[in-house]
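Work through the exercises below with the model open. Try each task before reading its solution.

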Amino acid sequence: MWFKNLRLYRLTEQWTLTPEELNERLGEFSFNPCGNLDMMRYGWVPPLGRHGSEYVHAAAGYIMICAKKQEKILPTAVVNEQLEEKAIAISEAESRSVGRKERQTLKDEIIFSLLPKAFTKSSLDFAYIATQEGLIVVNASSAKRAEDLLSALREALGSLRAIPVTAKNVPTQVMTHWLRDAQLPPEFELREECELQAGKDGRVIRCKNQDLYADEIRSHLESGMFVNKVAITWKEAIHCVIDDQLAIKRLKFEDKIQEQANDRNPESKAEQFDADFAIMTLELKTFIAALLKAFGGEDDSYQDA
């Protein structure tokens, strides 16, 4: 349950739904497995999995939700092989070539025939709503995956005004300043990984296990390159990589944080989940606030729109 990635979204309207009301709304859009002819299904499931029946898990003003995505697996090579065989058969039987439009029709027919026999692949997307802070925090490594969850939530609620969190200062400029001037906000430290990018020619340099204050890195920055991603540590407790979109990836909590949940001596999976959730959201509340402050604060110009 511990999040490994963070995508932050600002609620531009006050959250008013109670956990009970949200649970009812999500229940109307619960997950159903793919049918024979479905390519994909997406719906809501209990965050506690088989250990729970509710579609939300609420604690201290935080509401955890979970969406499940199931997709049919149809290897492109298999589809293309059958398509080629059918196209050749038609060409030989009718002494003509198969045009692009006809090939697309044949391809659709092949996919339609293969769907009932295809294997499925499932994945879970977790997020929590920080009602007091007015944030939705999605555990997603890509913007598309986070937007899929928000779209499903928007469908369940009828409307949802949420926008990606942006900083007042340009992230690439801030991160470049950190490396070039060796000045980070209090409680933050650079780790040994970054990605440098050139604005004009698109060059990218990825550094791992490197001293980011080394002359070589400084030389790249002086040549006009800027920092696109950088690995940081906060309070020797949370490690992550931050990128130019303020997306937080490869998030890792120190063992001492996770052990706090075990100190509560949970006796069931539900109690363990509840303890993990409480500790994680408490740490992330402070971390997110510190991170936004490090980038000059949050851009709140949306309030004037």
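**Exercise 1. Cysteines**

Task: Count the disulfides in this predicted model, and work out why the sulfur of Cys66 has no bond.

Solution:
- Start with the rule: a disulfide needs two cysteine sulfur atoms within 2.5 Å.
- By this rule the count is 0 disulfides.
- Take Cys34: it is in no disulfide, and the nearest cysteine sulfur, in Cys66, lies 16 Å away.
- Now take Cys66. Its closest cysteine sulfur is that of Cys34, and the 16 Å between them is too far for a bond.
- Next, are Cys34 and Cys66 buried or exposed? The cut-off for buried is under 20% relative accessible area.
- Cys34 has 15% relative accessibility, so Cys34 counts as buried.
- Cys66 has a relative accessible area of 1%, so Cys66 is buried too.

**Exercise 2. The sheet**

Task: Give the strand order of the open sheet of 5 strands, and find its edges.

Solution:
- The order is 9-8-10-11-12, and the pairing is antiparallel.
- An edge strand pairs on one side only. That picks out strand 9 (204-208) and strand 12 (248-253).
- Neighbouring strands are turned against each other by 15° on average, direction ignored.
- Look at one pair. Strand 11 (residues 238-243) runs antiparallel to strand 12, and 4 bridges join them.
- Within that pair, Ile238 has Phe253 of strand 12 as its bridge partner.

**Exercise 3. Helices on the strands**

Task: Which strands do helix 5 and helix 6 meet?

Solution:
- Helix 5 (residues 171-181) packs on the sheet. Helix 5 touches strand 8 (188-197), strand 10 (226-234) and strand 11.
- The direction of helix 5 makes about 70° with that of strand 10.
- Helix 6 (residues 215-222) lies across strand 8, strand 9 and strand 10.
- Helix 6 runs at about 50° to strand 8.

**Exercise 4. The cores**

Task: Find the residues with the most contacts inside the largest nonpolar core, then follow Leu284 to its neighbours.

Solution:
- The largest nonpolar core has 58 residues.
- Those with the most contacts inside this core are Tyr128, Trp178, Leu179, Val230, Leu284, Phe287 and Phe295.
- Helix 8 (residues 269-294) supplies the largest share of this core, 12 residues.
- Leave out residues up to four places away in sequence: Leu284 then touches Leu6, Tyr128, Ile238, Leu251 and Phe253.
- Two of these names have come up before: Ile238 and Phe253 are bridge partners.
- Finally, a second, separate core has 26 residues, including Leu26, Tyr55, Leu150 and Ala152.

Key: Residues numbered from 1 in each chain as written. Predicted model: local features only at pLDDT ≥ 70, side-chain atom pairs only at ≥ 80, totals over all residues. Heavy atoms only, no water. Pairing = 2+ DSSP bridges. Helix = DSSP H or I, 4+ residues; strand = E, 2+ residues; numbered from the N terminus. Axes fitted to C-alpha atoms, helices over the stretch in contact; angles between N-to-C directions. Contact = heavy atoms within 4.5 Å. Core = buried A, V, L, I, M, F, W, Y, C linked by side-chain atoms within 4.5 Å. Buried < 20%, exposed > 50% of the residue type's maximum accessible area, 1.4 Å probe, protein only.
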